[in-house]
Amino acid sequence: MKNTSLQKNSAVQLSIESLASDGAGVAHAGGMAVFVPFAAPGDVVDAKIVKVCKTHAFAIVQNVVTPGPGRIASECPVFGKCGGCALAHLTYEEELAQKQRFVADAMHRIGKLSCEVLPILPSPSAQGYRNKAQYPVGRNKEGSIVTGFYRPRSHDIVPVEKCLIQSETADKIAAVVREWMTEFSVMPYDYEKKRGTIRHIYVRVGEKSGESQLTLISATKKMPKLDVLVERLRAAAPSLTGILLNHNQRDDNVILGNRTDVLWGEPMLEDRLCGHTFLLSPEAFYQVNHAQAERLYACAVDYAGLTGEETVLDLYCGAGTITLALAEHAKTAIGVEIVPEAIENAKRNALRNGMENTEFFCADAGQAAQRLAKRGIDVLVVDPPRKGLDATARDAILKMQPPKVVYVSCDPATLARDVAELCGAGYTLEKAQAFDLFPRTFHVETVVLLSHKKADSYIHID
C-alpha cells in the first residue's frame with residue numbers, strides 16, 4: 001500500500017544524506033527515501049514532492065537553506081536543465097569521493113564482495129575533455145534552429161552554444177551548421193510529426209592528431225547548398241579532415257543510420273592512443289576522454305600480467321584499442337565486436353601498426369566466447385556496454401574458465417552483478433581500480449582483476 005505521509009506537490013524540508021548512483025541526492029521523509037536531483041551531501045533544502053511511489057518519492061529543490069560542504073556554484077549556465085552534467089554543483093574533490101563510494105557501495109551491496117576499491121584516479125582535466133559530441137537539432141518556441149542537449153526523459157532540446165566539457169571545435173562546427181540551416185531553410189527533424197531533415201550534428205576530434213570530423217545525420221537524402229556548408233565548415237574549422245552525411249530514417253532514438261556518404265575529405269578520423277595510430281569510422285567505439293583512457297588501458301594491461309606467451313581474448317573490442325595494447329605483450333590477441341564497421345577499423349588499425357599477432361572477427365560476445373572456448377584462452381578482457389555481460393557471454397566465460405579475467409566497466413551496478421556471479425563459480429576478485437573518465441557526470445569506470453581458483457589448489461583428496 002502506498003505511503004500517504006508524503007503527498008505530490010507538498011512542500012518539505014530535507015537533509016541530504018548521500019548521493020544515489022545516478023547523482024541524485026538521497027534524503028528521508030515520511031518513512032521513505034526521497035530522491036532529489038542536483039542536491040549535494042550535507043545540503044538542507046526546501047523541496048517540492050513531484051512523485052510518490054510505494055517505497056520512495058522524488059522531489060525537486062526549491063531553495064538551498066544550508067549548502068553542504070562540497071557544494072559550489074556551477075559554472076554552466078544551463079546546469080540543472082540539460083540532461084548532461086549531474087554533478088557540476090560539487091567540488092571536484094567531492095565528486096571523486098562520491099564516485100569512489102558509488103563503486104564501493106555497488107561491490108558491497110549488490111555484489112556482496114569484500115574487495116577494497118583502490119582510490120579513484122582523477123581525470124587530468126575536468127573541462128573540455130570530450131573528443132565526441134552529438135548535438136540534437138531542433139527549434140525553440142520562436143522557431144529558431146537550436147542545437148544542444150535533451151532535457152532528461154524528453155525530446156525537448158536545451159539550447160547550448162558552449163558546452164564546458166566539449167571541445168571548442170565541436171561547438172564551432174555546430175554553430176556553422178545552425179547558421180547554414182537557418183539561411184537555407186533546412187529543417188530539423190521533428191520526432192513527433194516524423195518530418196524534417198537534420199537530426200544530429202556529430203563531431204569527433206583527435207586529441208593527438210589534431211584532426212576533426214563532422215558527421216551530419218539526416219532523415220532525407222537531399223538538401224540544398226551542401227557545397228556552401230562544406231566551404232564554410234572548412235573555413236571555420238581548418239582541422240576538419242572529413243565531412244560525412246549519414247542517412248537515418250528510423251523512428252527510434254538510435255543516432256546513426258546504416259549508410260554514410262563522404263561529402264568531402266576522408267571517411268576516417270585518425271588519432272593516436274597508447275602509442276598506436278587508429279583510423280576511426282563514425283560507428284567505431286572510442287573512449288571520449290583520451291588522456292584518462294590511456295591510463296585506464298594501461299591499468300587493464302597491467303592487470304593482465306602478460307609475459308609474451310599468452311593468448312588473450314578481448315570481447316567488445318571496438319576499433320581494437322585495448323586489443324592492440326594487449327598484443328604488444330601477448331603471443332596472440334583476439335578481438336571480437338558485433339559492429340561490422342568497428343571490426344573493419346580494427347583490422348586496418350592492426351595492419352597500420354604492424355601488429356601481426358592479432359585476429360579480429362565480427363560476432364556477438366557470447367557466441368564468440370563459445371566459439372573460442374577450445375582455443376585455450378589465458379586472459380580474457382571484457383569492456384561491455386552499460387548493461388554488462390549478457391547471460392550467453394557469462395556462460396561462455398564460465399565454460400572457457402580463463403585463468404584471468406580483466407573486466408573494464410562503465411557501470412558499477414552491472415559490474416558488481418557480473419563479478420558476483422563469476423566469483424560464485426570459481427573466480428576470486430583480486431583488485432578493483434576506479435577511474436574518472438567523465439567529470440561532472442555521474443558515470444564512473446572501473447577495472448577489476450579476477451583469477452580462477454584451480455581445482456587442485458583448494459580440493460585435497462586422500
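**Notebook: strands, cores and one helix**

I began with β23 and found that 8 of its 8 residues are buried, so this strand is largely enclosed by the rest of the structure; buried here means under 20% relative accessible area, with exposed over 50% and partly exposed in between (1.4 Å probe, protein chains only). For the record, this is a predicted model, in which local features need pLDDT of at least 70 and side-chain atom pairs count only at pLDDT 80 or more, while totals for chains, interfaces and linings use all residues. Residues are numbered from 1 along each chain as its sequence is written, and side-chain values use heavy atoms, with hydrogens and water left out. Helices (H or I, at least four residues) and strands (E, at least two) are DSSP runs numbered from the N terminus.

**Entry on β23 and its sheet**

I looked up the two sides of β23: Glu445, Val447, Leu449 and Ser451 point one way, Thr446, Val448, Leu450 and His452 point the other way, and all are buried. In a regular strand the side chains alternate between the two faces of the sheet.

I then checked the pairing, for which DSSP must find at least two bridges between two strands. β21 runs antiparallel to β23 and is joined to it by 6 bridges, with Lys404 opposite Ser451. β22 is also antiparallel to β23, through 8 bridges, and here Phe435 stands opposite Glu445.

The open sheet that holds these strands has 8 of them, in the order β7-β22-β23-β21-β20-β17-β18-β19, with mixed pairing. Its edge strands, β7 (117–121) and β19 (358–362), each pair on one side only. Between β7 and β22 I noted parallel pairing over 3 bridges, and Leu118 stands opposite Gln433 of β22.

Two helices lie across this sheet, and I give their angles between N-to-C directions, from 0 to 180 degrees, with axes fitted to C-alpha atoms and, for helices, over the stretch in contact. Helix α1 (residues 92–110) lies across β7, β22 and β23 (445–452), at about 150 degrees to β7. Helix α4 lies across β7, β20, β21, β22 and β23, at about 160 degrees to β22.

**Entry on the cores**

I next looked up the nonpolar cores, each a set of buried Ala, Val, Leu, Ile, Met, Phe, Trp, Tyr and Cys residues joined through side-chain atoms within 4.5 Å. The largest has 76 residues, and Val177, Trp180, Ile201, Leu214, Leu233, Val406 and Val447 touch the most other members. Helix α4 (residues 290–304) gives the most to this core, with 8 residues. Apart from it lies another core, of 43 residues, among them Met107, Leu313, Leu422 and Ala434.

For Ile201, leaving aside neighbours within four places in sequence, I found contacts (heavy atoms within 4.5 Å) that include Ala133, Tyr135, Val177, Leu214 and Leu216.

**Entry on α8**

In helix α8 (residues 391–400) I listed Ala393, Arg394, Ala396, Ile397 and Met400 as the buried residues. Seen down the axis of α8, they fall within an arc of 165 degrees, so they line one face of the helix; the arc is that of the directions from the helix axis to the C-beta atoms. Their cover includes α7 (365–372), α9 (412–423) and β21 (404–409). After α8 comes Gln401, whose phi is positive, near 50 degrees.
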